[in-house]
Amino acid sequence: MHTVAQVRQEVAKARQQGARVGLVPTMGALHSGHAALIDAAASQCDYVVVSIFVNPLQFGPSEDFDKYPRQLAADQAVCTQHGAALVFAPAVTDMYPQPTLTHIDVDEITSGLCGASRPGHFRGVATVVAKLFNIVQPDRAYFGQKDAQQVAVLQQMINDLNFPLELVIVPTVREADGLAISSRNNYLSAQERTAAPLLYRALQEVVAQVNAGEHSAAKLRTYLCEMIANEPLARMDYAEIVDAGTLKPVEYVTGKVLVAIAVYIGHTRLIDNVVIEV
Ligand code: AMP
């Protein structure tokens, strides 16, 4: 379905029959990471809506909005196969029929990590997700741990604005060599693809160092930066060790921390993270 009115009507029917509604927001080009979200929703909800929308509000002027892959027919097949009842694929004019003057800004936790390198990104994400919540009114919404900051931002928004739903986090799905699956992996050349598992390897090295007793965030961060610098095809955007709740940098790894990195492999910016609990 393409229009807001159609979706509202269809979901209302399901809800009248007592269905528990799950929502999986995506930008399409669906892969096994998205499929894991749809599977989780289908196992916990009676009626699953997958939204497919490449949201212009969350892309910066020099980012890949125009070249972002769009493949609705193939995506629809994935949704059906994994148990979705409805695919909501609006055009930009369906989602934004008038210039948007109302935005959602989540403060503080958006200032570091991807928020620092992608100004306006989380404002775009929070605004479109709030719209999707209002359109679909799900009981549960499913998001991937791969985008850890996104999850933190959306949970904060849900709490702050009293959205009556539960956010469910789905673990990161990876290729056999550890690379987190992403629609942007398709941009990588063969040589870059060989280099890309570096992100996961570097994160696993940090986990090993923490397990071996190294708890200084500065030392672990330096170690991460060195590993990235040693790969000629890689250029670091950020490597941070932050409190998993506040997303503020920590001095020592204690409690629950998030180790998050963003690395350019060639021209493609990839992200990954691990949560460590000490
Ligand atoms: P996107 O289409 O990239 O906006 O992603 C839609 C949703 O799928 C987000 O909640 C992502 O965090 C999630 N997602 C993307 N890749 C993965 C992955 N490899 N494993 C788990 N979830 C993912």
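**Figure 1. Polar contacts of the ligand with methionine 27, glycine 144 and aspartate 147.** In this predicted model, a polar backbone atom of methionine 27 lies 2.9 Å from an oxygen atom of the ligand. A polar backbone atom of glycine 144 is likewise 2.9 Å from a ligand oxygen atom. With aspartate 147 the contact involves the side chain: one of its polar side-chain atoms is 2.6 Å from an oxygen atom of the ligand. On its own the ligand has 490 Å² of accessible area, and the protein covers 93% of this.

**Figure 2. The shell of 17 residues around the ligand.** The residues that come nearest to the ligand are Met27, His34, Asp147, Val173 and Ile181. Two of these, Met27 and Asp147, also appear in the view of polar contacts, Met27 through a backbone atom and Asp147 through a side-chain atom. By residue class, the shell holds eight nonpolar, seven polar and two charged residues.

**Figure 3. Helices and strands that contribute to the shell around the ligand.** At least two shell residues come from each of strand 1 (21-26), helix 2 (32-44) and strand 4 (140-144). Helix 2 supplies the largest share, three residues. Glycine 144, with its backbone contact to a ligand oxygen atom, falls within the range of strand 4.

**Figure 4. The second largest pocket, with a volume of about 270 Å³.** A total of 14 residues line this pocket. Nearest its centre lie Ala148, Val151, Ala152, Ile169 and Ala244. Helix 7 (148-160), strand 5 (166-170) and strand 7 (256-265) are the elements that each give two or more residues to the lining. Of the residues nearest the centre, Ala148, Val151 and Ala152 fall within the range of helix 7, and Ile169 falls within that of strand 5.

**Figure 5. Make-up of the lining of the second largest pocket.** Helix 7 gives the most to this lining, with six residues. The lining residues divide by class into nine nonpolar, four polar and one charged.

**Figure 6. Serine 182 in the loop between strand 5 and helix 8 (190-195).** Is serine 182 buried or exposed? Its relative accessible area is 15%, and the limit for a buried residue is under 20%, so serine 182 counts as buried. The side chain of serine 182 reaches the backbone nitrogen of arginine 184 at a distance of 3.0 Å.

Terms used:
Residues numbered from 1 in each chain as written. Predicted model: local features only at pLDDT ≥ 70, side-chain atom pairs only at ≥ 80, totals over all residues. Heavy atoms only, no water. Near = heavy atom within 4 Å. Polar contact = N/O pair within 3.5 Å; in protein donor to acceptor, adjacent residues only side chain to side chain. Areas by Shrake-Rupley, 256 points an atom, 1.4 Å probe, with all protein chains shown as cover. Helix = DSSP H or I, 4+ residues; strand = E, 2+ residues; numbered from the N terminus. Nonpolar A, V, L, I, M, F, W, Y, C, P; charged D, E, K, R; others polar. 1 Å grid on protein atoms, 1.4 Å probe; cavity = no way out; pocket = protein on both sides within 12 Å on 5 of 7 lines; lining within 4 Å. Points joined across faces, edges and corners; volume = space filled by probe spheres on them. Buried < 20%, exposed > 50% of the residue type's maximum accessible area, 1.4 Å probe, protein only.
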